[in-house]
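Good morning, and thank you for the opportunity to present. I would like to show a single structure and then discuss its overall form and one residue.

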Amino acid sequence: MVVAFRGLGADIDYVDQDGFPPLKIKGKKIVGGQVELSAATSSQFASALLLIAPNFEKGLQLKFKGEVVSKPYIKMTTALMKSVGVEIDETENGISVFPTKSIATKTLEVEADWSAAAYFFGLVSLAEDASLFLNGLQDKSVQGDAWLIPIFEELGVRSTFKDGGLLLEKRAS
């Protein structure tokens with residue numbers, strides 16, 4: 001991560017041993033440019049870079065080495081950014097974010113977390129008789145973990161979207 005930020009113009013040094021915290025960071029404007037990340041790098045780090053990129057003088061050209069396994073999470077970030085007017089080009093192994101002078105003010109509803117919902121799907125599947133409502137989960141989700149529905153259907157969990165969420169049901173046979 002330090003190498004990536006240095007490549008974008010950040011002034012970061014290791015205090016004691018290279019590759020390990022603590023870090024000494026001198027505040028300054030990051031100019032941006034091109035950076036290459038391993039596809040195994042956390043989607044949270046890639047998303048953080050993407051979210052600050054519209055402020056970079058040169059924008060950001062992010063190239064991934066290898067196949068990105070957390071692509072749905074990165075797609076959530078780019079979809080959000082596009083919805084507020086950030087210009088983004090996406091390719092199979094890279095994303096370009098262009099400098100943006102003004103980002104639209106917009107009220108957004110944050111979708112509930114499908115990863116956290118997995119525990120409740122499991123709980124209902126183990127019960128003999130259960131009904132549980134998960135508020136905020138959306139039918140047209142961009143989250144990768146929305147695949148839970150067909151998997152748990154095989155385990156007897158019926159899922160129904162209604163009233164702004166998802167109803168999970170399992171009935172005694």
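I shall begin with how the model is read, then turn to the whole chain and finally to T100.

This is a predicted model, in which local features need pLDDT of at least 70 and side-chain atom pairs count only at pLDDT 80 or more, while totals for chains, interfaces and linings use all residues. Residues are numbered from 1 along each chain as its sequence is written, and side-chain values use heavy atoms, with hydrogens and water left out.

The protein contains five helices and nine strands, which are DSSP runs (H or I, at least four residues, for helices; E, at least two, for strands) numbered from the N terminus. Their order from the N terminus is α-β-β-β-α-β-α-β-β-α-β-α-β-β. The C-alpha trace spans about 65 × 40 × 30 Å along its principal axes. Of the 173 residues, 37% count as buried, that is, under 20% relative accessible area with a 1.4 Å probe, protein chains only.

Where does T100 lie? T100 is found in the loop between β6 (94–97) and α4 (114–126). Is T100 buried or exposed? Its relative accessible area is 16%, so T100 is buried. T100 touches P54, G85, V86 and E87, leaving aside residues up to four places away in sequence; touching here means heavy atoms within 4.5 Å. In addition, a polar atom of the T100 side chain lies 3.1 Å from the backbone oxygen of F98.

Note on methods: Buried < 20%, exposed > 50% of the residue type's maximum accessible area, 1.4 Å probe, protein only. Polar contact = N/O pair within 3.5 Å; in protein donor to acceptor, adjacent residues only side chain to side chain.
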